[in-house]
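Student: I would like to learn how to read burial, aromatic pairing and nonpolar cores from a set of coordinates. Could we work through one case together?

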Amino acid sequence: MHWGKLSVCEGLTETKNMRKVLIIDDDTPVQQMLALISGLNGMETTCTKSILEATQELGRQKFDICLLDVQLPDGYGIHLIDAIRTRSPETKIIITSGDAVVMQDVAQLYPDVTMIPKPFNASDFLPYFESR
């Protein structure tokens with residue numbers, strides 16, 4: 001699902017200059033919330049629900065930010081970290097999970113990846129979405 005520019009942002013930013021965010025989460029309400037706040041901050045947003053869909057999007061374009069849920073229908077989202085880094089080393093990776101043990105393990109393996117525990121608030125993402 002590609003959200004692109006949300007209607008509230010029409011005319012504020014040219015698409016070619018927009019920062020891009022890839023949201024990889026199988027929870028539709030979470031996708032919608034994150035797409036809304038990223039769009040309101042002038043970002044072009046693409047949403048996927050699986051590792052397969054995310055891999056396809058990563059092959060098509062580079063993203064400034066990837067928001068990655070750990071538990072996905074076709075595997076663990078953390079398996080995408082290396083693929084994201086290979087494709088675009090400068091991409092900011094943000095992991096979300098409700099499992100504190102998983103978050104701790106991921107933090108040890110990938111100390112430069114940002115962790116945001118579930119449940120979260122939209123405001124937790126604002127520092128990463130705000131225009132630069």
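Tutor: We will take a helix, then the aromatic rings, then the cores, bearing in mind that this is a predicted model.

Student: Let us begin with helix 2, then: which of its residues are buried?

Tutor: The usual approach is to look at relative accessible area, where a value under 20% counts as buried. In helix 2, which spans residues 51-60, the buried residues are Ile51, Ala54, Glu57 and Leu58. Seen down the helix axis, these buried residues fall within an arc of 125°, so they line one face of helix 2.

Student: Which exposed residues does the face of helix 2 turned away from its buried side carry?

Tutor: That face carries Leu52, Gly59 and Arg60, which are exposed.

Student: And what do the buried residues of helix 2 pack against?

Tutor: Packing is read from contacts, meaning heavy atoms within 4.5 Å. On that basis, the buried residues of helix 2 pack against several elements, including strand 2 (19-24), strand 3 (43-48), strand 4 (65-69) and helix 3 (81-87).

Student: Turning to the rings, how many aromatic pairs does the structure hold?

Tutor: The structure holds two aromatic pairs. To classify a pair, one reads the angle between the ring planes, with values under 30 degrees counted as stacked and values over 60 as edge-to-face. Phe120 and Phe125 form an edge-to-face pair, at 4.9 Å centre to centre and with 80° between the planes, whereas Phe125 and Phe129 are stacked, at 6.1 Å centre to centre and with 20° between the planes. Phe120, Phe125 and Phe129 form one aromatic cluster.

Student: Are the rings of this cluster on buried or exposed residues?

Tutor: Phe120 and Phe125 are both buried, and Phe129 is buried with a relative accessible area of 0%. For Phe125, the relative accessible area is likewise given as 0%.

Student: Finally, which residues touch the most other members in the largest nonpolar core?

Tutor: A core of this kind is a set of buried nonpolar residues joined through side-chain atoms within 4.5 Å. The largest one has 20 residues, and those touching the most other members are Ile24, Leu58, Leu68, Leu80, Ile81, Ile84 and Ile95. Its largest share, three residues, comes from helix 2. A second, separate core of 15 residues includes Leu34, Met43, Leu67 and Phe125.

Student: What does Leu68 touch, not counting residues up to four places away in sequence?

Tutor: With those residues left out, Leu68 touches, among others, Ile24, Leu80, Ile81, Ile84 and Ile95, and also Gly77 and Thr96.

Technical notes: Residues numbered from 1 in each chain as written. Predicted model: local features only at pLDDT ≥ 70, side-chain atom pairs only at ≥ 80, totals over all residues. Heavy atoms only, no water. Buried < 20%, exposed > 50% of the residue type's maximum accessible area, 1.4 Å probe, protein only. Helix = DSSP H or I, 4+ residues; strand = E, 2+ residues; numbered from the N terminus. Arc of directions from axis to C-beta. Phe/Tyr/Trp six-rings, centres within 6.5 Å; stacked < 30°, edge-to-face > 60°.
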